[in-house]
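Visitor: I should like a close look at a single part of this model. Please select one loop residue, describe its surroundings, and then place them within the fold.

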Amino acid sequence: MAYSESDLHFILDQLSGIPEISHKRMFGGIGFFHQDKMFAMIGGGMFRLKVDESNLADFESTGMKPFTMGNGKGLPYWTVPLAVFEDSQALTQWAQKSIKVAHKAKK
């Protein structure tokens, strides 16, 4: 799950309108947190947001797929479409939905 420092800085800049975001390196990637709840990740050069039934249609309607482990097991993190990723306002809206998902998820 590789990433570049430029990826990190770009995402932090795109999400700068959301207070209380932190990040930490995890398993060769980066996890993004809001008040200690993980809502996004960089892995394999892709930025992914946490998904549940409340925001699943956003991702499915753009043809995105969930992140899967080497064993084929899916995780609740889906790749963000490029058009959303490059639009800070759209990315902020999508991230805010994923923040809500993270805060309501069971530990």
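Guide: Helices (H or I, at least four residues) and strands (E, at least two) are DSSP runs, numbered from the N terminus. The model is predicted, so local features need pLDDT of at least 70 and side-chain atom pairs pLDDT 80 or more, while totals for chains, interfaces and linings use all residues. Residues are numbered from 1 along each chain as its sequence is written, and side-chain values use heavy atoms, with hydrogens and water left out.

The residue selected is Asn55, found in the loop that runs between strand 4 (46–50) and helix 2. Its relative accessibility is 1%, and Asn55 therefore counts as buried (under 20% relative accessible area; exposed is over 50%, partly exposed in between; 1.4 Å probe, protein chains only). A polar atom of the Asn55 side chain lies 3.1 Å from the backbone oxygen of Lys50. Leaving aside residues up to four places away in sequence, Asn55 touches Lys50, Lys97, Ser98 and Val101 (contact means heavy atoms within 4.5 Å).

Helix 2 (residues 56–60) holds Phe59 and helix 4 (residues 88–104) holds Trp94. These two rings form an edge-to-face aromatic pair, 4.7 Å centre to centre with 70° between the planes (ring centres of Phe, Tyr and Trp, the last by its six-membered ring, within 6.5 Å; planes under 30 degrees apart are stacked, over 60 edge-to-face, the rest tilted). Because Phe59 and Trp94 lie in helices 2 and 4, the pair ties together parts that are 35 residues apart in sequence. Phe59 is buried at 1% relative accessibility, and Trp94 is buried at 12%. The structure holds 5 aromatic pairs, and Phe10, Phe32, Phe47 and Phe85 form one aromatic cluster.

Helix 4 lies across strand 2, strand 3 and strand 4, running at about 50° to strand 4 (axes are lines fitted to C-alpha atoms, for helices over the stretch in contact; angles run from 0 to 180 degrees between N-to-C directions). Helix 1 (residues 5–14) lies across strand 1, strand 2 (29–34), strand 3 (37–43) and strand 4, at about 15° to strand 2.

Strand 4 belongs to an open sheet of 6 strands in the order 1-2-3-4-6-5, paired antiparallel (strands pair if DSSP finds at least two bridges between them). Strand 1 (21–26) and strand 5 (66–68) each have a single partner strand, so one side of each is left without a neighbour in the sheet. Neighbouring strands are turned by 35° against each other on average, direction ignored.

Methods: A polar contact is a pair of N or O atoms within 3.5 Å; within protein, one must be able to donate a hydrogen and the other to accept it, and residues adjacent in sequence count only if both atoms are side-chain atoms.
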